[in-house]
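Consider the protein shown below and work through the exercises that follow it. Each task is paired with a stepwise solution.

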Amino acid sequence: MTNYLAILGATLSLFAAACHASQDTAKPAAVKPAAAAPASAATPAATTPATGAPPRYTQNAAKSSLKFTFEQAGAAASGNFKKFTTVLIYDEKNLAASSLNVRVEIASVDTQEPERDAMLKDADLFNAAKYPAATFVASSLAKRSDGGFEAVGKLTIRDTTHDLRLPLTLKPTPDGLELSGKTANKRLDYGVGQGEMKATDSVGDEVKIEYAVSLVRSRS
């Protein structure tokens, strides 16, 4: 009897010890509160970090025009380029970081006369087959005394490039900006006139250009 009670007592003691150990294991360890992040590391909710890049604007082709006038056989003639693209990077507070890039597709020339269009695209004038595009690339803008701007860059037609300060007027619109202006160039300065077409008695040397470009601010 004594042995039985001793064994029973030992068994109960082991059971009690096992239960106590189980309770200690199941009890979650105390978690230390996380240290507060430094104030400088906090990011405000719903705030996009500023990249510092100036706004980018691209052309709305349906609302843009590039027209030109010249003299042919003593009479005024006019036309336009149906296809051209414009990209403006513009920061009114940092004109040195602004830029303008224009590409004109020569084959899109339209003077309302197919024979004259073919002549303009021919090798003696624009030579559209060899030089399909004219480009203007400006790496900065400058303020003018009349309140307008100048795009300071280079104009390339055929295989000839010259410095050009292109006058601009910029006006805000609901979607972005309207870029407009007028200028004039000498076609012979850019090689637009080879062979007999160098003569100016048939086609005048000066070409006047007028542009009105609708620009939409990029959302990216």
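The exercises treat the fold, the cavity, the nonpolar core and selected residues in turn.

The model is predicted: local features require pLDDT of at least 70, side-chain atom pairs count only at pLDDT 80 or more, and totals for chains, interfaces and linings use all residues. Residues are numbered from 1 along each chain as its sequence is written, and side-chain values use heavy atoms, with hydrogens and water left out.

**Exercise 1. Fold**

Determine how many helices and strands the protein has, and in what order the elements run.

Step 1. Assign helices (DSSP runs of H or I, at least four residues) and strands (runs of E, at least two), numbered from the N terminus. The assignment gives 2 helices and 11 strands.

Step 2. Read the elements from the N terminus: α-β-β-β-β-β-β-α-β-β-β-β-β.

Step 3. Examine the contacts (heavy atoms within 4.5 Å). Among those in the protein with a separation of 6 or more, 59% join residues 24 or more positions apart.

**Exercise 2. Cavity**

Find what volume the largest cavity has, and which residues lie closest to its centre.

Step 1. Rolling a probe the size of a water molecule over the atoms shows where empty space is left. On a 1 Å grid over the protein atoms alone, a cavity is a set of points where a 1.4 Å probe fits but cannot get out, and lining residues have an atom within 4 Å of a point. Points are joined across faces, edges and corners, and the volume is the space filled by probe spheres set on them.

Step 2. The search yields 1 cavity of 30 Å³ or more, and the largest cavity holds about 620 Å³ of space. Its lining comprises 34 residues, of which L66, F81, I157, N185 and I209 are the closest to the centre.

Step 3. Classify the lining, with Ala, Val, Leu, Ile, Met, Phe, Trp, Tyr, Cys and Pro as nonpolar, Asp, Glu, Lys and Arg as charged, and the others, Gly among them, as polar. The result is 26 nonpolar, 5 polar and 3 charged residues. Strands that each supply at least two lining residues include β2 (65–72), β8 (149–157) and β11 (206–217).

**Exercise 3. Core and strand β8**

Establish whether A151 is buried or exposed, and which residues it touches.

Step 1. Buried means under 20% relative accessible area, exposed over 50%, and partly exposed in between (1.4 Å probe, protein chains only). A151 sits in strand β8 and is buried because its relative accessibility is 0%.

Step 2. Beyond four places in sequence, the contacts of A151 include L100, F136 and L168. The C-alpha atoms of A151 and L168 are 7.1 Å apart, with their positions 17 residues apart in sequence.

Step 3. A nonpolar core is a set of buried Ala, Val, Leu, Ile, Met, Phe, Trp, Tyr and Cys residues joined through side-chain atoms within 4.5 Å. In the largest such core, of 41 residues, L88, Y90, L100, F136 and L168 touch the most other members.

**Exercise 4. Positive phi**

Decide where A73 and Q112 lie, and whether they are buried or exposed.

Step 1. Most residues other than glycine have a negative phi. A73 nevertheless has a phi near 55 degrees, and Q112 has one of about 70 degrees.

Step 2. A73 belongs to the loop between β2 and β3 (75–81), whereas Q112 is in the loop between β6 (109–110) and α2.

Step 3. A73 counts as exposed because its relative accessibility is 65%; Q112 is also exposed, at 64%.

Note on methods. On a 1 Å grid over the protein atoms alone, a cavity is a set of points where a 1.4 Å probe fits but cannot get out, and a pocket is an open set with protein on both sides within 12 Å along at least five of seven lines; lining residues have an atom within 4 Å of a point.
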